Amino acid sequence: MTPQLTVDFLTGAISGAPLQETLRTVADMKGYFRDEVAWQSLDSQRVVYRVQAFLPVREGEEGGLFLGNTFIEPGMVADEYFMTKGHFHRNRNRSEFYITITGRGALILMDEGRRTVFEPMEPGSVHYVPFNTAHRVANTGDSVLSFLACWPSDAGHDYGTIASKGFSARIRKINGVATLVEEP
Ligand code: M6P
Ligand code: ZN
């Protein structure tokens with residue numbers, strides 16, 4: 001039987017069952033931000049985001065679903081917002097839902113042809129991440145951005161492609177506005 005899992009709709013926090021907790025600090029984000037000097041000037045132990053995940057089946061097993069919540073702190077690295085690493089699914093034909101609970105953000109989506117678009121995130125916004133699409137979230141607001149995620153248990157995370165080639169565009173604060181800027 002499924003345990004009595006609860007989502008606090010004020011914060012997005014999941015509780016009531018054993019959860020996998022992941023913390024990403026500034027140090028963990030080496031190579032992800034455009035301005036390496038600005039990244040280095042930050043406290044390396046500062047938290048950029050953390051993830052809670054309820055994994056009712058073994059990761060990699062076919063047929064299950066996972067439920068997660070991601071909390072991204074407000075923060076900047078030069079003109080770039082604190083954001084997740086971003087990933088393709090290792091099983092490329094697996095999709096995902098994101099549902100925003102608190103804060104303001106941008107969901108950055110890039111297909112296999114490296115075409116990048118973004119969707120604004122605000123409380124209540126629902127986002128479908130299609131298969132074959134890399135996804136990353138940036139916190140464009142001044143409070144914690146939290147969003148629920150639901151994805152197949154056999155999707156997997158391919159971080160390598162983004163770690164080596166990045167996205168073709170970044171969300172940057174230009175004249176005070178979150179703007180998608182193509183990489184040179
Ligand atoms: C969402 C889901 C998770 C993911 C997390 C953080 O909760 O997509 O699978 O791990 O966001 O994103 P990333 O893994 O790219 O750092
Ligand atoms: Zn995913």
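This report covers a three-stranded sheet, a nonpolar surface patch, aromatic ring pairs and two residues with positive phi in a predicted model.

Residues are numbered from 1 along each chain as its sequence is written, and chains are lettered from A and ligands numbered from 1 in the order in which they are written. As the model is predicted, local features need pLDDT of at least 70 and side-chain atom pairs count only at pLDDT 80 or more, while totals for chains, interfaces and linings use all residues; side-chain values use heavy atoms, with hydrogens and water left out.

**The sheet**

Helices (H or I, at least four residues) and strands (E, at least two) are DSSP runs, numbered from the N terminus. Two strands count as paired if DSSP finds at least two bridges between them.

An open sheet is formed by 3 strands in the order β10-β9-β12, with antiparallel pairing. The edges are held by β10 and β12, each with a single partner strand, so one side of each has no neighbour in the sheet. On average, neighbouring strands of this sheet are turned by 20° against each other, direction ignored; the axes are lines fitted to C-alpha atoms, and in general angles run from 0 to 180 degrees between N-to-C directions.

Strand β9 (residues 105–111) has 6 of its 7 residues buried, so it is largely enclosed by the rest of the structure. Buried means under 20% relative accessible area, exposed over 50%, and partly exposed in between (1.4 Å probe, protein chains only). Between β9 and strand β10 (residues 116–121) there are 6 bridges in the antiparallel sense, and Ala106 stands opposite Pro120 in β10. These two strands form a hairpin with 4 residues between them, and Arg114 in the turn has a positive phi of about 65°. On the other pairing, β9 and β12 share 7 antiparallel bridges. Here Gly105 faces Asn139 in β12, and Leu107 faces Val137 in β12.

**Loops and the nonpolar patch**

Most residues other than glycine have a negative phi. Two residues with a positive value are listed below.

| Residue | Phi | Loop | Relative accessible area |
|---|---|---|---|
| Asn132 | near 60° | between β11 and β12 | 29%, partly exposed |
| Asn175 | near 50° | between β14 (169–174) and β15 (177–182) | 79%, exposed |

The loop between β11 and β12 (133–139) also holds Phe131, which is partly exposed at a relative accessible area of 45%. Phe131 joins Phe97, Ile99, Val126 and Tyr128 in a nonpolar surface patch of about 480 Å². The elements giving two or more residues to this patch are β8 (96–102) and β11 (126–129). Patch residues have over 30% relative accessible area and no salt bridge, with nonpolar side chains joined within 5 Å (like charges within 9 Å). A salt bridge is a side-chain nitrogen of Lys or Arg within 4 Å of a carboxyl oxygen of Asp or Glu.

**Aromatic pairs**

Rings of Phe, Tyr and Trp (its six-membered ring) pair if their centres lie within 6.5 Å; planes under 30 degrees apart count as stacked, over 60 as edge-to-face and the rest as tilted. The count by this rule is 4 aromatic pairs. One of them is the tilted pair of Phe33 and Phe82, at 6.4 Å centre to centre and 45° between the planes. Phe33 lies in the loop between β3 (20–25) and α1 (36–40) and Phe82 in the loop between β7 (80–81) and β8, so the pair ties together parts 49 residues apart in sequence. Phe33 is buried at 5% relative accessibility, and Phe82 is buried at 0%.

The ring centres of Tyr98 and Phe147 are 4.5 Å apart with planes at 50°, so this pair is tilted. It links distant parts of the chain, with Tyr98 in strand β8 and Phe147 in strand β13 (residues 145–152), 49 residues apart. Both Tyr98 and Phe147 are buried.

Terms used:
Accessible areas come from the Shrake-Rupley method with a 1.4 Å probe; for residues, only the protein chains shown count as cover.
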